[in-house]
Amino acid sequence: MTRGTFLDLCYLVAAITFILALKGLSSPKHARRGNMIAAVGMAIAIAATFAQPHLHHLLPMIIAMVLGAAVAVPTSRFVKMTAIPQLVAIFNGVGGGAAAVVSITTYISLTATTTVCRSFLGVSLNCYSSGGVKSVATYKILEVVLGVIIGTVSFSGSAIAFAKLQELMTGRPITYPAQQVLNAILGAAAVACAILLMTTGALVWLWILLVLAFILGIAFVLPIGGADVPVLISLLNSFTGIAVAASGFTIGNNLLIVAGTLVGASGILLTRMMSAAMGRSLPNILFSAFGSVVTASGSTEHDDGRSVRSGTAEDIGVLLAYARKVVIIPGYGLAVAQAQHVVRELAEELKDRGVDVCFAIHPVAGRMPGHMNVLLAEANVPYDELKEMDEANPEMSTTDVALVVGANDTVNPAAHTTPGSPIYGMPIINADQATNVVFLKRSMRPGFAGIDNDLLYNPKTVLLFGDAKDTLTKLVASVKSA
Amino acid sequence: MILSDVLSNPNIQYLTVFILSAFVGIEVISKVPSILHTPLMSGSNAIHGVIIVGSMLVLGNATTNVEVVLGTIAVFLATLNVVGGFVVTDRMLEMFKTKPEDKRPADKDPA
């Protein structure tokens, strides 16, 4: 067996591990092992690449890798759980950027030398018929164009998604006049650029294309509201996969094609599942500028005669302690306050008093699907106390107290009652059907979607303002003494 | 064109691999429960970090300074993607490590 064949087999092994990993990640039992398998596969692929013949510039390569790892490990290890969505966005973005750079560099290399085929990589590079190519084949340029556009859109789009989640900029959709027209012009310009590149082969068009794609990525993400950003990240993740596959075509590497396509295809499906969980279609999320209708109305302008009732921790503690059935509905506020352990304590305290307690988890509670499950699992909340929305909703009407901790949009009855509302049609947890509703909130600020919640003004609702961790701690104390 | 020509044409091979991978990708995750949406996204995020292989090949075969600089940037970005992707995913999944059955006893000791 030649060295080339052996290394190709190593790549095949890596490709198989990626398939197994995706399979594992789809089941709660094997998820962690799935991730490990992929990591092993990746290590094999990297080792095999180091063993490739005629690999130069090892010094900058190793320095770049060490630096990359030195940045990535501490960031991903020590960042707060709440910031994980941002991290996924940023790691996805850099992957897209890498794919774009790989495509560009390959194009430069293809055009710079005429004997590309024989000297490049030592792998067969699509010039199997003739001795050397002077100009690059059109389909080859098309592959480069796809890699650059998709990779760059993913890069700049992820950067904006990161900024939105990190609250470096507003989470509200950003719209401006003639937005769609401008986007269409940008898109058309990119297509024109791609055609010019294919006909002339001049490198300058590729650079212009890079800039256009960068702007396009930003323009694509700006009008998407904060609450939809998780779905967006999933879509951009899929984009990066496709960009990686395109790079794989360009440099003629099957592993990149397999892994990129796997991620691209599964990512599209995952994105659709996520938007389905929010009761909305993907085009609706991408192009409807969700929540923008209310951007004008600020958070303090709702004193239009309606008032909210705020209670003390003691009152609410008694209410909870003497209830028969309490459903806790956690949201992003719980995650921000790192209150998952205190909420478990409260649940246990109530259970000790014979109260029937469970958690109702909205599929998109928090900033990412599964966010709450992860947090509560971290706090050792028993798995069987976590109820999914469909399971919890039928029980809401027999619930004495719905305790909403840092959630808002996911219990907003406007989703059922107000056809004009941007969240109309989104499935919610029917907290409004419970006999009493308690909101633990930081302020009267509307939720991430930026819309007002009528449930807050409902006579059966009591509010307790403050950081979720503090208010929950007070509740635990007052339940104990009740 | 003779069949063997078609089959030995690397472009057709790449296209074949591409199409088949697309079907596998859709099939393999079709049953994922909603609680695993985020870890799955993060895990596949790490998998497309395989662009590190492409970046290394491009850098390793660079002949001009521009290519070396671009290749180094690509390797750096791809390393962030791979390493960060796997570590973040593992951190998310760490939370799932205790299964419902072994969770009960674990619950008892912290009073």
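Which residues in H6(A) meet which residues in H7(A)? From H6(A) come A:Thr138, A:Ile141, A:Leu142, A:Val145 and A:Ile149. Their partners in H7(A) are A:Ala190, A:Ala194, A:Leu197 and A:Met198. The model is predicted. This briefing covers that helix pair, the contact between chains A and B, and the domains of chain B.

**Helix pair in chain A**

- Two packed helices are described by the angle between their axes and the distance between the axes.
- Helix H6 of chain A spans residues 138-165, and helix H7 of chain A spans residues 179-200.
- The two pack at an angle of about 145°.
- Their axes lie 9 Å apart.
- The crossing of H6(A) and H7(A) is right-handed.
- Eight nonpolar residues and one polar residue make up the contact of H6(A) with H7(A), with no charged residues.

**Contact between chains A and B**

- On chain A, 104 residues are in contact with chain B, where 81 residues take part.
- Several helices of chain A give two or more residues to the side that touches chain B, among them H1 (3-25), H2 (31-50), H3 (58-78) and H4 (84-112).
- Further along chain A, H9 (229-251), H10 (254-277) and H15 (371-378) do so too.
- H10(A) gives the largest share of this side, with 19 residues.
- By class, the side of chain A that touches chain B holds 62 nonpolar, 37 polar and five charged residues.

**Domains of chain B**

- Chain B is assigned domain 1 (1-30) and domain 2 (32-97).
- The centres of domain 1 and domain 2 of chain B, taken over C-alpha atoms, are 24 Å apart.

Notes:
Residues are numbered from 1 along each chain as its sequence is written. Chains are lettered from A and ligands numbered from 1 in the order in which they are written. This is a predicted model: local features need pLDDT of at least 70, side-chain atom pairs count only at pLDDT 80 or more; totals for chains, interfaces and linings use all residues. Domain bounds come from an automatic or database domain assignment. Two residues are in contact if their C-beta atoms, placed from the backbone, lie within 7 Å. Helices (H or I, at least four residues) and strands (E, at least two) are DSSP runs, numbered from the N terminus. Ala, Val, Leu, Ile, Met, Phe, Trp, Tyr, Cys and Pro count as nonpolar, Asp, Glu, Lys and Arg as charged, and the others, Gly among them, as polar. Axes are lines fitted to C-alpha atoms, for helices over the stretch in contact, and angles run from 0 to 180 degrees between N-to-C directions. A crossing is left-handed if the near helix is turned anticlockwise from the far one by less than a right angle, and right-handed if clockwise.
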